[in-house]
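Visitor: Please take a close look at the metal site in this entry. I would like the site itself to come before its surroundings, in one connected account.

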Amino acid sequence: MTWLCDFWRSSVGGKLTMAVTGVLLFLFVVGHLLGNLQLFSEPEHLADYAKLLHREPALLWAVRCVLGGALLLHVVTGIRLARQNRAARPVKYQKEEILVASFASRSMLLTGLTTLGFVVYHLLHFTAGVVHGAGAAKAGKFDGFDVHTMVVRSFENPSIALAYVGFMVVLFFHLAHGIQSFVQTLGLNHARYTPVIRRLSVVVAGLLAGGNILLPLSVLSGIVKVAP
Amino acid sequence: MKVTLHIWRQSKPSTKDDFAQDGKMVRYELDHVSNDMSFLEMLDVLNEQLIKKGEEPVTFDHDCREGICGTCGVVVNGEPHGPESGTTTCQLHMRSFKDGAEIWVEPWRAAAFPVIKDLMVDRTALDRIVQAGAFVSVNTGAPQDANALPVPKADADKAFDAAACIGCGACVAACKNASSMLFVGAKVSHFVHLPQGRVERETRARNLVAAMDKEGFGNCTNQYECEAACPKDIPVRVIADLNREYLRAKVREEPANTKRIGGDG
Ligand code: HEM
Ligand code: FES
């Protein structure tokens with residue numbers, strides 16, 4: 001146990017913690033998007049998918065615990081590292097140039113904390129169903145799994161839809177830096193692949209955020225409607 | 001040419017509670033600056049004028065003045081060692097600036113580098129990291145035949161990239177988090193690609209990181225400012241090497257009380 005604590009407390013150990021938990025969260029975002037895109041197929045499919053996730057409560061809770069634990073560790077470690085970084089430069093430069101650091105890389109704590117806020121809001125909204133009365137919409141058809149109607153009813157409200165778009169833009173910035181960052185932190189750097197990975201990082205972050213943004217936008221524009 | 005300088009003047013050494021002390025930016029006008037002067041020669045001229053006027057000259061660190069010792073670190077216009085890439089301050093020349101330029105000169109800014117006076121900082125934190133194991137501790141005797149221990153060219157090149165480090169601290173000064181991981185990565189990478197260095201790779205990775213953390217440097221966030229600022233163009237690949245070596249060393253670490261058949265000897 002002290003071994004693990006020592007590892008976590010060290011600078012490189014803290015970075016590796018960010019990377020491993022970041023990878024888990026990243027993989028979750030990928031899987032979550034693939035599930036979400038079923039909004040574009042039959043409403044039954046989304047309901048079946050939701051039921052599939054709930055079929056084995058033990059498995060569902062195991063996955064929730066791993067992801068929740070990863071998120072908690074990611075946030076706690078991220079805040080600790082950021083505080084140490086602030087303390088490491090007690091006097092600021094009067095004149096400071098940015099040589100290569102991207103906007104995304106300089107706003108990781110901010111985009112991360114905003115994403116944390118989004119995760120809490122999103123869980124209250126769709127998983128617990130306690131905000132915007134979304135729970136009532138879900139309880140309709142398909143044995144209480146009418147996810148399609150719940151999602152469409154929510155995104156018909158422009159302020160909810162635009163809030164989701166905004167949060168996804170924030171997530172884009174977090175991942176645009178984050179993806180290539182975990183590759184480097186995990187010790188993978190190669191003259192041939194690293195430049196490609198740095199560019200792919202922005203592209204994949206764009207696809208993930210863009211894919212999610214499609215949902216509220218297609219409801220807002222009337223492409224996806226509540227099934228009759 | 002004529003330049004306007006804004007230089008950090010601090011008469012007393014930094015302490016933990018009061019890092020900046022009486023420090024402030026002071027403005028100086030300097031005329032008749034030659035294009036061919038190095039940046040340090042320009043500061044020499046300024047100091048001669050200050051001494052003539054009976055003022056305290058600007059304290060700055062320097063030694064070889066040929067770009068190999070790493071002593072001359074100052075931040076010029078927000079960039080460690082100034083605007084030319086792959087260049088130390090002593091090798092920076094005034095032709096890199098326009099006539100009438102305004103130039104800001106500040107010391108390295110890091111909790112681990114307390115200011116001694118004006119632009120001179122205490123960089124012994126880097127020495128203490130080196131003392132924690134950035135060397136090969138076996139006594140190898142007289143130099144052996146160069147071909148007795150074959151090293152593949154690719155490995156030798158990687159080790160040499162890292163060995164080019166002159167320990168100036170520009171990576172720390174450039175890093176938004178004042179992290180020294182490019183420096184420590186260079187030490188780890190330098191030895192891990194060579195057979196002589198590989199013997200102690202695990203203790204080295206653990207001890208260097210522990211020593212680095214004790215000094216109060218920040219943590220790398222992969223922004224790569226260090227690589228851009230390094231006067232010797234050390235690549236951030238060495239930080240990936242450091243991360244990998246540290247993970248390997250921690251995973252393979254044995255509990256302190258592990259019993260050995262041969263005893264402790
Ligand atoms: C869906 C949620 C999230 C995902 C997918 C995610 C993903 C990532 C990834 C992949 C990294 C790069 C890891 C590395 O540097 O090796 C990272 C870094 C980071 N994340 Fe997150 N993250 C999420 C939520 C958060 C939250 C809620 C915070 C709040 C504190 C946060 C704060 C940070 C910080 C401070 C870093 C380090 C920045 C750096 O090293 O440049 N993240 N994240
Ligand atoms: S004085 Fe030696 S490198 Fe500049």
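**The iron site and what surrounds it**

Guide: Six donor atoms surround the iron atom of ligand 1, and because the angles they subtend run from 85 to 180 degrees, the arrangement is octahedral. For reference, ideal angles for six octahedral donors are 90 or 180 degrees. The model is a predicted one, and what follows should be read with that in mind.

On the protein side, the iron is coordinated by the NE2 atoms of His74(A) and His174(A), at 2.0 Å. These two histidines bring together distant parts of the chain: His74(A) sits in helix H4 of chain A and His174(A) in helix H9 of chain A, with their positions 100 residues apart in the numbering. Both His74(A) and His174(A) are buried.

Around the metal comes the rest of the ligand and its shell. The shell of ligand 1 consists of 22 residues, and the closest are the two histidines, His74(A) and His174(A), together with Gly112(A), Ser181(A) and Thr185(A). By class, 11 residues of the shell are nonpolar and 11 are polar, while no charged residue takes part.

Four helices of chain A, namely H2 (11-36), H4 (57-87), H6 (108-127) and H9 (158-185), supply at least two shell residues each. H9(A) gives the largest share, seven residues. Residues of chain B also surround ligand 1 alongside those of chain A, so the site is shared between chains.

Polar atoms approach the ligand from both chains. In chain A, a polar side-chain atom of His174(A) lies 2.8 Å from a nitrogen atom of ligand 1, and a polar backbone atom of Phe182(A) is 3.4 Å from an oxygen atom of the ligand. In chain B, a polar backbone atom of Thr221(B) lies 3.3 Å from an oxygen atom of ligand 1.

The two chains also touch through side chains. Ser11(A), found in helix H2 of chain A, makes a side-chain polar contact of 2.6 Å with Asp213(B). Ser11(A) has a relative accessible area of 3%, under the 20% limit, and therefore counts as buried.

Now to the partner chain. Chain B has nine helices and seven strands. The C-alpha trace of chain B spans about 75 × 45 × 35 Å along its principal axes, and 51% of its 265 residues are buried.

Five strands of chain B form an open sheet with mixed pairing, in the order S2-S1-S5-S3-S4. Strands S2 (24-30) and S4 (79-80) of chain B are at the edges; each has a single partner strand, so one side of each lacks a neighbour in the sheet.

Going across the sheet from the S2(B) edge, S1(B) and S2(B) run antiparallel and are joined by seven bridges, with Leu5(B) opposite Tyr28(B) in S2(B). Strand S1 (residues 3-9) of chain B then pairs with S5 (residues 102-106) of chain B in the parallel sense, over four bridges. Beyond that, S5(B) pairs with S3 (residues 75-76) of chain B in the antiparallel sense, over two bridges. Val105(B) of S5(B) stands opposite Ile7(B), and Val105(B) also stands opposite Val76(B).

To return to the site: the iron is held by His74(A) and His174(A) of chain A, whereas the shell of ligand 1 draws on chains A and B.

How values were computed
Residues numbered from 1 in each chain as written. Chains lettered and ligands numbered in written order. Predicted model: local features only at pLDDT ≥ 70, side-chain atom pairs only at ≥ 80, totals over all residues. Heavy atoms only, no water. Pairing = 2+ DSSP bridges. Near = heavy atom within 4 Å. Polar contact = N/O pair within 3.5 Å; in protein donor to acceptor, adjacent residues only side chain to side chain. Nonpolar A, V, L, I, M, F, W, Y, C, P; charged D, E, K, R; others polar. Donors = N, O, S within 2.8 Å, 3.2 Å for Na, K, Ca; no water. Tetrahedral: all angles 85-135°; square planar, octahedral: opposite > 155°, others 65-115°. Buried < 20%, exposed > 50% of the residue type's maximum accessible area, 1.4 Å probe, protein only.
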